[in-house]
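Trainee: I'd like a close look at just one part, the surroundings of the DNA. Please take me through that slowly, and then show me how it fits into the rest.

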There are 2 protein chains.
Amino acid sequence: MTSAEPLAASRLRPVPYSAAQKRVITAALELFTTHGVGGTSLQMIADAAGITKASVYYQFRTKEEIVIAAAEVDLARLEQALDAAEAEHDRQHALEVLLPRLVDLAVDNRRMVSMLQNDPVMVRLVAEYEPFRELMDRLHHLLVGDDPRTDQRVPAAALSAAIGSAATHPLVVDLDDDTLRASLLDLARRFLHLP
Amino acid sequence: MTSAEPLAASRLRPVPYSAAQKRVITAALELFTTHGVGGTSLQMIADAAGITKASVYYQFRTKEEIVIAAAEVDLARLEQALDAAEAEHDRQHALEVLLPRLVDLAVDNRRMVSMLQNDPVMVRLVAEYEPFRELMDRLHHLLVGDDPRTDQRVPAAALSAAIGSAATHPLVVDLDDDTLRASLLDLARRFLHLP
DNA sequence: GTCTATATGAAGATAGAC
DNA sequence: GTCTATCTTCATATAGAC
């Protein structure tokens, strides 16, 4: 972490959201994770936020802007984790910094992380919206390592998928956070052959 | 496999679909995997099948029936894999039968398997529609084992998520089927401490 | 910053002719 | 088995008052 900026500053969004915008984002997040982005209407968001549709449109010009704002909530934490990991001098240490943070993120926010990886609208957004795409590229680079020919790619993809989706799996939904966190971290280390 | 029925018969759907229905199902499958169920309209399905919306409604009474029919395509293969695994006498052998079939299913049909586990509409359907729920219960029982207190649950969830989602992961989309199949199977065995 | 009211289109679904 | 035409409802989005 070489940045001199205060904690709140993220390169994803230098201009912060207003309090009214944050209320909309919070409502949208909850709905997106249960109904998916495509299954969530602006009316549902407005109702959950306790305002009307027109007021939502005062805060955000389109539904897509809400989706981006919602995704940024978790991706800002991912960005911080990547910053910290990339400050290490070799991949081994970088992964030791990265993995616990990834697992924490997924456990704290189980359904959101899964949605970012799996919801069709989110998948498209992450692939096409440059700031998000860049984050994913950095993540993948850390997971796969420098050498593109070695087939570290399947384990890396599996690990990424496992951390993202295992936290929401029916087999595990009723497991407490601490147990899940410990198990996932252990699994992640085994995955990448770390101590 | 103790059933005396011919191969085509699945307990999921004793009455087969007509040719016209199959054309609709095929079109729907492709669209569901790219846009999600919620992001796919009947108009899109009709266009892809080369008929009108009204004709789609002649084949299926509701959109939900189409979703069920689409899900059955892959779940029928899952059912066969479960039948074969459960015919083995201990869990070790059952898993040795099950895992390669699961991996094959996920690789042959990458995006569909992921959608079954991740699309919000599918997740709800699988949880609430009895025939699908039963299949998932059988799968989870095989993955976790008999003893419900041991925490095999996180590895089982992670394995299930990894097989389902890794096949669609951006890191792996361009990997050929054979390589992916071999890597995933190897990972799956390591996951469950099989030889 | 929030509201009422409305425009415009597309969604799921049905009626009835061929 | 497919069509045209239509119904109803809900989607995104905007105009303009408070």
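Mentor: We'll start at the DNA and work outwards from there.

A bit of housekeeping comes before that: this is a predicted model, where local features need pLDDT of at least 70 and side-chain atom pairs count only at pLDDT 80 or more, while totals for chains, interfaces and linings use all residues. Residues are numbered from 1 along each chain as its sequence is written, chains are lettered from A and ligands numbered from 1 in the order in which they are written, and side-chain values use heavy atoms, with hydrogens and water left out.

Take DNA strand C. It has 19 residues around it, and Thr52(A), Ser55(A), Gln59(A), Leu42(B) and Tyr57(B) are the closest (near means that a heavy atom of the residue lies within 4 Å of the strand). Of the strand C atoms that come within 4 Å of the protein, 61% are sugar and phosphate.

Now zoom in on some atom pairs. Leu42(B) has a backbone N or O atom 2.7 Å from a phosphate oxygen of strand C. Its neighbour in this list, Ser41(B), puts a polar side-chain atom 3.3 Å from a phosphate oxygen of that strand. Lys53(B) goes for a base: a polar atom of its side chain sits 3.3 Å from a base nitrogen of strand C.

Which elements supply at least two residues each to the surface near strand C? They are α1 (19-35) and α3 (53-59) of chain A, plus α2 (42-49) and α3 (53-59) of chain B. These labels follow DSSP runs numbered from the N terminus, with helices (H or I) of at least four residues and strands (E) of at least two. The most comes from α3(A), which gives four residues. Sorted by class, you find seven nonpolar, eight polar and four charged residues near strand C. Here Ala, Val, Leu, Ile, Met, Phe, Trp, Tyr, Cys and Pro count as nonpolar, Asp, Glu, Lys and Arg as charged, and the others, Gly among them, as polar.

Over to DNA strand D. There are 17 residues around it, and Lys53(A), Tyr57(A), Thr52(B), Ala54(B) and Ser55(B) come nearest. Sugar or phosphate makes up 55% of the strand D atoms within 4 Å of the protein, and bases make up the rest. A phosphate oxygen of strand D is 2.5 Å from a polar backbone atom of Thr52(B). Side chains reach phosphate oxygens of strand D too, with a polar atom of Gln59(B) at 2.9 Å and one of Tyr57(A) at 3.1 Å. The elements giving two or more residues to the surface near strand D are α3 of chain A, together with α1 (19-35) and α3 of chain B. The largest share, four residues, belongs to α3(B). By class, the surface near strand D has seven nonpolar, seven polar and three charged residues.

How do the two chains relate? Chain A superposes on chain B by a rotation of 180° with 0.0 Å of shift along the axis, at an RMSD of 0.1 Å. That's the relation of a two-fold axis. The fit is by least squares on C-alpha atoms of residues with pLDDT of at least 70 in both copies. In chain A, Ala162(A) comes closest to the axis, its C-alpha being 2.4 Å away. The copies meet through the same surface, because 100% of the interface residues of chain A are also interface residues in chain B.

One residue to look at between the chains is Asn118(B), in helix α6 (residues 110-118) of chain B. Asn118(B) is buried, at 15% relative accessible area (buried is under 20%, exposed over 50% and partly exposed in between, with a 1.4 Å probe and protein chains only). Setting aside residues up to four places away in sequence, Asn118(B) touches Ser114(A), Asn118(A), Ser165(A), Val123(B) and Ser165(B), where contact means heavy atoms within 4.5 Å. The side chains of Asn118(B) and Asn118(A) are joined by a polar contact of 3.2 Å. That term means a pair of N or O atoms within 3.5 Å; within protein, one must be able to donate a hydrogen and the other to accept it, and residues adjacent in sequence count only if both atoms are side-chain atoms.

Last, confidence: chain A averages a pLDDT of 92, and 95% of its residues score at least 70 (pLDDT is the predictor's confidence in each residue, from 0 to 100). Residues 1-9 of chain A stay under 50.
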